[in-house]
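Me: I am new to this structure and would like a close look at a single part, the third of the chains as they are written. Please then set it in its surroundings, so that I can follow the picture from one chain to the next.

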Amino acid sequence: MSFPWAKNYEPVNPVMKFMDEKLPLPRLVYNAVGAGYPVPRNLSYWWNFGVLAGICLVLQIVTGVVLAMHYAANSGIAFDSVEHIMRDVNWGWLLRYMHANGASFFFLVIYIHIFRGFFYSSYKAPREMIWLLGVVIFLLTMATAFMGYVLPWGQMSFWGAKVITGLFSAIPLVGEPIQVWLLGGFAPDNAALNRFFSLHFMLPFVILGVVILHIWALHIPGSSNPTGVEVKQESDTVPFHPYYTAKDGFGLGVFLLIYFMYVFFFPNALGHPDNYIEANPLSTPAHIVPEWYFYPFYAILRAFTFDFIIPAKLWGVLAMFSAILVWFFLPWLDKSPVRSGHYRPMFRKFFWFGLIPCMAVLFYCGGAPAEEPYVMISQIATAYYFLHFLVILPIISSVERPEPLPFSITEAVLGSDDSAVIEPAAKAAE
Amino acid sequence: MASTGTADAHEAATEDGVRRRDFIEIAAVSAAGVGGLAALIPLISQMAPSADVLAESSTELDISTLEEGQSIKAVFRKQPVFVRHLTPAEIQAANDVDVSSLRDPQTLEERTEDGHHNILVVMGVCTHLGCVPLGAAEGENKGEYGGYFCPCHGSSYDTAARIRKGPAPKNLEVPTYEFTTDTTIVIG
Amino acid sequence: MIRLVGILVGLGFTFVVLLTFGVGAYTAATDPATETAENVFHLHPKEDVHYSFEGPVGHWDIAQLQRGYKVYSEVCSACHSLKQVAFRDLAALGYSEAQIKAEAASKRVPGVDPNTGEAASRPALPTDYMPSPYPNAVAASAANGGKIPPDLSLMTKARHEGTHYVYSLLTGFQEPPAALAEEFPDFTIPNGGHYNPYFASLVIGMAPPLTTEGQVTYDDGTVPTVDQMSQDVSAFLTWTAEPKLVKRKQTGWPVLGFLLFATILAWFAKKSVWANAKRRED
């Protein structure tokens with residue numbers, strides 16, 4: 001579907017006409033990310049991060065496929081094969097640093113994209129499906145990143161694999177057999193490494209498939225916008241191309257500048273030194289942490305230290321998975337008729353002074369050692385996290401009085417909209 | 001005069017403005033193209049041999065124990081090399097051939113080093129499709145011309161390892177090598 | 001309905017995590033965690049030495065790397081392997097092909113007897129990797145009181161502030177401070193251990209390896225003080241950990257420069273495209 005004023009694809013030359021008749025791929029692209037897709041004219045730079053996430057995925061697939069040409073998924077030589085890439089393969093150091101830092105920047109972009117969605121309630125009707133698919137993409141990306149981190153077979157790789165598969169051992173009765181089944185052994189070794197490599201190679205293409213569904217679902221209602229007011233008329237929109245291709249191009253430039261600054265000058269700043277020590281099943285590093293993008297969830301996992309009815313370990317695992325599963329229910333937990341945080345005074349305060357500091361604390365504590373005061377601080381933040389999504393959002397959406405919305409996007413941009421006057425008059429005349 | 005000048009300047013500015021805008025957009029798209037092409041450099045060159053592979057591209061051989069009529073098989077760049085100490089009969093046979101009648105005309109002299117014309121060093125890789133020809137080891141089929149015989153598609157090489165019969169287009173390749181001493185060859 | 005269930009689940013998690021907070025706070029108040037000697041006396045690496053490869057335009061000091069290699073091969077290599085580095089890599093330190101060949105030939109690596117096929121040793125070739133001082137981990141452990149001397153190839157990347165860490169460790173051997181014995185009377189240095197505040201557990205199995213001036217003879221006339229040798233070997237181990245470090249930084253500048261240029265162009269292109277939209281509304 002599209003808006004009635006969307007431009008129609010007109011093949012200009014015989015080749016394109018031929019293509020359009022036999023396989024209308026150019027038409028699909030034209031309608032998806034070309035001049036045929038009308039987009040609200042008031043999108044801010046926060047709306048750049050969807051396209052950036054897609055570019056990150058492509059970047060990871062391209063560098064990943066190339067690295068797989070040199071990497072050996074065998075616990076005896078995996079570590080050395082990564083060093084072989086770093087030392088002997090032409091440009092191998094660049095490709096590996098691009099892939100490793102690419103994972104971090106992918107998550108950075110995804111987090112901004114998700115929190116954009118939180119603030120502007122992008123999950124609300126009619127965009128629930130886009131949101132649900134987005135959460136699925138996030139879960140798949142986390143799984144892919146975790147398995148990718150195991151591949152260099154350093155100390156953090158090994159102990160990360162052991163600890164994360166150990167989460168499953170929290171499940172009563174079947175937990176430990178499940179862990180052994182996941183690893184294909186009693187500790188991570190060749191069997192685990194090989195299956196993680198296979199899945200790490202395959203999952204990005206699954207992600208790509210879900211991304212296509214995510215974009216498809218997006219094109220049913222069209223993009224949301226910072227006012228949260230739906231598109232009413234042609235003057236509310238501009239065609240995606242050239243307006244947003246130009247804006248995304250500029251955003252991409254800024255992104256690549258920051259990304260390559262890390263790749264070339266701080267390539268290991270986001271990693272952990274222990275992963276430059278080859279995996280040693282007999283010695284655990286003093287302070288094991290996952291990659292930074294898992295910190296908030298790792299903090300939630302570690303926040304539960306007391307056996308209340310069920311073991312603390314199971315509470316931690318339940319809470320960690322629930323922390324993400326909660327996002328699936330957001331469209332139905334938050335019933336406010338207004339989408340944008342700009343017009344929701346209470347929601348806005350809880351977002352900026354509740355959720356954002358809470359996430360910042362969880363990020364910080366997840367990377368800190370499992371000592372006081374970090375555990376106690378992350379317990380408070382964990383409590384707020386669940387309160388925010390499950391208690392505060394449902395309640396404020398009923399009690400809050402939203403601020404007046406603009407009549408249309410056109411009015412929000414230009415300060416006035418002729419149809420705002422004409423339409424009610426016409427309605428009155430009926 | 002002055003008023004005309006202003007009008008002209010105004011006209012030029014508008015035209016120039018349009019042109020400058022187009023120019024910037026074209027320049028931005030071109031820059032993206034250049035960046036994309038530059039990104040291909042590492043992606044393509046990573047497939048070329050890595051430093052450790054290139055480092056192994058020289059092989060040192062001791063031939064002091066190589067008797068007349070014997071061959072040794074060595075490895076150069078993960079491919080076989082045949083080093084044969086030719087017998088006088090083999091040298092004679094090679095020199096008897098009319099060079100102009102050959103598919104790939106070369107004399108034995110051209111294919112060996114000065115002072116060591118009885119030591120023939122060739123890659124054990126058939127020039128047809130890369131199989132390893134027989135004939136280097138004792139008792140192997142040497143083919144019709146007493147040199148090497150490739151079992152894959154039936155190419156026969158003579159005692160100077162020149163192609164004589166079968167589909168192969170060229171003589172067995174002589175790698176670059178040198179005698180560092182009378183009994184030591186360095187290939188590559 | 002979803003909201004009701006959500007509120008209940010949310011309150012449930014909140015209750016449990018606050019309960020566990022309460023228990024934790026009570027434990028912390030009644031039974032405060034005791035400080036350990038490692039927490040109090042462990043020191044972060046000294047960062048007062050500046051190396052040529054640091055900073056955005058860093059470059060290798062070839063002479064220093066050569067000196068560092070000499071320290072490694074005459075001192076460290078007695079116990080520590082360097083298995084990611086091949087002799088051919090020494091070309092980056094300015095050695096000629098002939099020098100590398102001679103250097104390799106002076107070391108023996110495991111091989112096979114070409115006639116009997118039995119295990120033997122042969123002179124190393126440039127393509128060989130630096131030989132390990134011990135045939136296997138068990139031998140390394142047995143020869144060093146149960147502690148395996150770690151491979152040094154990646155040491156400076158495997159520790160925070162790695163280059164400074166190696167230097168600090170090498171120059172950090174000392175008598176335990178008197179305050180340590182006062183505060184932690186139980187703290188003892190086991191037999192064969194050496195006090196070093198830069199080592200995570202304060203006690204390291206390695207005896208001070210660089211102890212006297214002139215322990216290594218430098219060919220370039222640099223005075224081989226303990227401090228100088230420690231700096232040189234730290235620099236060398238930075239190179240072994242990341243031989244492409246300087247090339248990386250050198251490649252970085254043109255890439256960032258081009259991206260800056262392209263981004264500025266993209267900014268003006270975006271402005272000019274959006275100028276059309278604004279005018280259409282006039």
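Reply: Helices and strands, as the words are used here, are runs assigned by DSSP, with at least four residues for a helix and at least two for a strand, and they are numbered from the N terminus. The model is a predicted one, and every value below is computed from it.

With those terms, the secondary structure of chain C amounts to nine helices and four strands. Reading from the N terminus, the elements follow the order α-α-α-α-β-β-α-α-α-β-β-α-α. The chain has a radius of gyration of 28 Å, where a compact globule of 282 residues would be near 19 Å, and the box filled by its C-alpha atoms, taken along the principal axes, is roughly 85 × 70 × 50 Å. Of the 282 residues of chain C, 31% are buried. When contacts in chain C between residues at least 6 apart in sequence are considered, 64% of them join residues at least 24 apart.

Within chain C, which residues of helix α6 are buried? They are C:G162, C:T163, C:H164, C:Y165, C:V166, C:Y167, C:S168, C:L169, C:L170 and C:T171. Because ten of the ten residues of α6(C), which spans residues 162-171, are buried, the helix is largely enclosed by the rest of the structure. A residue counts as buried here if 20 or more other C-beta atoms lie within 10 Å of its own. The buried residues of α6(C) pack against α8 (226-241) of chain C.

Chain C also meets a neighbour: 48 of its residues are in contact with 50 residues of chain A. On the chain A side of this meeting, the elements that give two or more residues are α4 (78-87), α10 (240-265), α12 (312-325), α13 (330-333) and α15 (374-399). The most comes from α10(A), with 14 residues. Sorted by class, the residues on this side of chain A are 37 nonpolar, seven polar and six charged.

Moving from that side into chain A itself, one pair of helices can be followed in detail. The axes of α6 (residues 128-150) and α7 (residues 155-168) of chain A come within 7 Å and cross at roughly 135°, and α6(A) and α7(A) are therefore oblique to each other. From α6(A) the contact is made by A:F146, A:Y149 and A:V150, while α7(A) brings A:S157, A:G160, A:A161 and A:I164. By class, the residues of this contact are five nonpolar, two polar and no charged.

Chain A touches chain B as well, with ten residues of chain A in contact with eleven residues of chain B. Here the largest share of the chain A side, three residues, is given by helix α5 (residues 92-119) of chain A. That side of chain A has six nonpolar, three polar and one charged residues.

Chain B, for its part, comes to three helices and nine strands, arranged from the N terminus as α-α-β-β-β-α-β-β-β-β-β-β. Of its 188 residues, 22% are buried. Three strands of chain B form an open sheet in the order β1-β9-β8, with antiparallel pairing. The edge strands, each of which pairs on one side only, are β1 (59-62) and β8 (177-181) of chain B, and the twist from one strand to the next averages 25°. Four bridges join β8(B) to the antiparallel strand β9 (residues 184-187) of chain B, where B:Y177 has B:I187 as its bridge partner.

Another strand of chain B, β6 (residues 155-158), is covered on both faces, with B:S155 and B:Y157 buried on one side and B:S156 and B:D158 buried on the other. Strand β5 (residues 146-150) of chain B is joined to β6(B) by four bridges and runs antiparallel to it, with B:G146 opposite B:D158. The hairpin of β5(B) and β6(B) has four residues between the strands, and B:G154 takes a positive phi near 75° in it. Two bridges join β6(B) to the antiparallel strand β7 (residues 163-165) of chain B, and there B:Y157 is partnered by B:I163. The hairpin of β6(B) and β7(B) also has four residues between the strands, and in it B:A161 takes a positive phi near 60°.

Key
Residues numbered from 1 in each chain as written. Chains lettered and ligands numbered in written order. Predicted model: local features only at pLDDT ≥ 70, side-chain atom pairs only at ≥ 80, totals over all residues. Contact = placed C-beta atoms within 7 Å. Nonpolar A, V, L, I, M, F, W, Y, C, P; charged D, E, K, R; others polar. Buried ≥ 20, exposed ≤ 12 C-beta atoms within 10 Å, placed from the backbone. Axes fitted to C-alpha atoms, helices over the stretch in contact; angles between N-to-C directions. Parallel < 35°, antiparallel > 145°, perpendicular 65-115°, else oblique. Rg over C-alpha atoms; globule rule 2.2 N^0.38 Å. Pairing = 2+ DSSP bridges.
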